[in-house]
Amino acid sequence: MSLLKGLAAVALVAAGLVPTSPAQANDRTYPVRSLDYTLGDRAFTVAGFHTDGPDSSTLAPIELTGNVHYPAAGKGPFPLVVLSHGYWSTCADRAADAEAARIEKESPDDYYDDPRWLDALHRLWQWPCAPGVAALPSYRGYDYLARQLAAQGMVVVSISANGINAGQIGTEADNARAKLINKHLALWTELARTGRGALAGHFNGPTPDLKGRIDFSRTGTLGHSRGGRAVAWHAADVHRADLPAGVRVAGVLALAAAGSGTATNPGSPDAKLYRVTSAPLAVWVGGCDSEQGLDYAKLAIGHTREPVYTWHVRGANHNFLNTQWSPGSGQVGAVDDQGFGPAPGWCGTPTFPDWDPDSGTPEPPIEWSHVTRKLTETEQRQVSAGYVTAFFRAVLLGDRQADAVVSGGVHPYASFTVVDAEKIVPRPRRGPR
């Protein structure tokens with residue numbers, strides 16, 4: 001196959017138009033099975049992580065709940081990808097959501113102090129949820145990614161973190177999310193090694209037969225929003241010793257990741273907590289999403305031994321990356337969170353002119369650059385599924401043609417958006433003379 005034809009084929013693969021399998025030359029996909037599993041809503045705790053603040057004597061209860069998509073055929077061993085969702089309400093309490101919205105409308109300036117609003121908020125963010133109220137399954141919001149990755153020959157585990165979202169925030173939460181990822185990895189290494197263990201018998205169907213079929217030395221992680229902060233923390237060199245035996249992180253993807261706080265400040269002691277240097281790193285930044293996520297690329301570049309990929313996706317917002325957070329789902333609290341823009345349905349980069357409000361002169365208009373149409377839910381997920389799949393094909397399966405997509409050599413979505421993709425390759429280190 002010529003290079004030009006090869007790149008064109010990868011563009012179609014990334015666009016979801018042509019199914020392919022990385023392990024087979026006949027371009028067929030793997031059949032995919034999906035199962036939920038849970039060990040309970042209070043099955044896990046993290047030392048030092050509390051629901052009611054650091055002075056509480058009670059550790060926050062955290063669920064051990066997840067979903068797995070996996071190839072239903074083939075011996076493998078298949079690489080593993082772990083998905084970690086971000087900060088969102090924990091309980092699908094429609095009555096509490098409606099009550100909070102009503103109070104916000106009635107008292108837009110002082111609802112924060114209204115005890116009725118605070119009670120409604122507690123009902124939406126508590127853990128576990130009140131009897132009769134379903135948990136909000138943020139971890140199922142990436143099924144569209146998991147299906148496509150599993151069809152390409154990967155085992156994909158998406159984990160629930162509602163107990164963490166109901167607890168402390170900041171570095172305490174980042175540490176707890178990383179500990180939760182490692183707990184799930186430990187559960188899966190046991191199941192894959194022995195065919196038994198704590199997970200066996202806790203699926204919503206027959207326990208999947210994955211004994212000997214997962215290659216944990218090719219583990220990828222993807223985090224969205226605060227989950228993106230977590231996967232950076234999890235993969236940082238200073239936390240590598242926490243990985244379960246046999247696990248090697250071979251690719252990290254920060255999907256619209258929340259910022260790293262003060263870690264990017266010159267000389268910050270927090271930099272090492274989020275700096276990924278031993279695995280390829282990709283960063284997705286949405287043009288309608290306040291340009292979140294670049295912190296992790298900045299922290300890695302100049303220190304990492306591996307390539308860093310950055311993708312600026314014009315017209316992409318934050319919530320459409322998770323179907324449970326998007327209006328199309330009908331889920332409690334789902335919202336279109338388009339960022340600041342010159343008009344509804346459009347967004348861009350604002351430049352605010354200098355103006356003194358006491359000058360008596362009219363306020364000058366905001367100047368806009370990179371103005372673009374906001375993507376629809378379907379369009380945004382087509383782009384994210386394509387780039388996520390291409391990244392993990394490149395770093396976990398060694399697919400050089402997929403690397404052309406994530407590096408910016410091929411632009412499969414040019415018909416409806418612009419993705420400014422770049423691959424930053426570290427400079428070779430000079431040895432002693």
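Trp-311 counts as buried, at 0% relative accessibility. The residue sits in strand E8 of this predicted model. Leaving out residues up to four places away in sequence, Trp-311 touches Leu-253, Ala-282, Val-283, Trp-284, Val-285, Tyr-387, Phe-391, Val-406, Val-419, Asp-420 and Ala-421. Two of these partners, Tyr-387 and Phe-391, recur in a cluster linked by ring pairs, which joins Tyr-309, Trp-311, Tyr-387, Phe-391, Phe-392, Tyr-413 and Phe-416. Between Trp-311 and Gly-220 the C-alpha to C-alpha distance is 18 Å, with their positions 91 residues apart in sequence.

**Aromatic pairs**

The number of aromatic pairs comes to 17. One of them is formed by Trp-88 and Trp-325: the ring centres lie 4.5 Å apart and the planes meet at 10°, so the pair is stacked. This pair links distant parts of the chain, the two residues being 237 residues apart. Trp-88 belongs to the loop between strand E3 (78–84) and helix H2 (94–106), while Trp-325 belongs to the loop between strand E8 (308–313) and strand E9 (346–351). Trp-88 has a relative accessibility of 13%, under the 20% limit, and therefore counts as buried. Trp-325 is buried as well, with a relative accessible area of 0%.

**Overall form**

The fold comprises 11 helices and 11 strands. Its radius of gyration is 22 Å, close to the 22 Å that the globule rule gives for 433 residues, so the protein is as compact as a globular protein of that length. Along the principal axes, the C-alpha atoms fill a box of roughly 70 × 50 × 50 Å. Of the 433 residues, 51% count as buried. Among contacts with a separation of 6 or more, 76% are between residues 24 or more positions apart.

The accessible surface is about 19100 Å², and carbon and sulfur atoms account for 53% of that area. There are 39 positive and 42 negative side chains; the centres of these two sets lie 14 Å apart.

**Helix H7 and its surroundings**

Nine of the 10 residues of H7 are buried, so this helix is largely enclosed by the rest of the structure. The buried residues of H7 are Gly-227, Gly-228, Arg-229, Ala-230, Val-231, Ala-232, Trp-233, His-234 and Ala-235. Their cover includes E3, H6, E5, E6, H8 and helix H9 (295–300).

H6, one of the covering elements, spans residues 171–194 and contains Thr-189. With a relative accessible area of 13%, Thr-189 is buried. Neighbours within four places in sequence aside, Thr-189 is in contact with Phe-216, Ala-245 and Val-247.

**Backbone exceptions**

Most residues other than glycine have a negative phi, and most peptide bonds are trans. The table lists departures from both patterns.

| Site | Feature | Value | Location |
|---|---|---|---|
| Gly-76 and Pro-77 | cis peptide bond | omega about 0° | Pro-77: loop between strand E2 (65–71) and E3 |
| Trp-127 and Pro-128 | cis peptide bond | omega about -10° | Pro-128: loop between helix H3 (115–125) and helix H4 (143–151) |
| Ser-225 | positive phi | near 60° | loop between strand E5 (214–224) and helix H7 (226–235) |
| Ala-256 | positive phi | about 50° | loop between strand E6 (249–255) and helix H8 (271–274) |

Both cis bonds have a proline as their second partner, namely Pro-77 and Pro-128. The two positive-phi residues also have accessibility values. Ser-225 counts as buried at 8% relative accessibility. Ala-256 is buried too, with a relative accessible area of 0%. Ser-225 lies in the loop that leads from strand E5 to helix H7, and Ala-256 lies in the loop between E6 and H8. E5, E6 and H8 are among the elements that cover the buried residues of H7.

Technical notes
Residues numbered from 1 in each chain as written. Predicted model: local features only at pLDDT ≥ 70, side-chain atom pairs only at ≥ 80, totals over all residues. Heavy atoms only, no water. Helix = DSSP H or I, 4+ residues; strand = E, 2+ residues; numbered from the N terminus. Rg over C-alpha atoms; globule rule 2.2 N^0.38 Å. Buried < 20%, exposed > 50% of the residue type's maximum accessible area, 1.4 Å probe, protein only. Contact = heavy atoms within 4.5 Å. Areas by Shrake-Rupley, 256 points an atom, 1.4 Å probe, with all protein chains shown as cover. Lys, Arg positive; Asp, Glu negative; His and termini not counted. Charge placed at Lys NZ, Arg CZ, Asp CG, Glu CD. Phe/Tyr/Trp six-rings, centres within 6.5 Å; stacked < 30°, edge-to-face > 60°.
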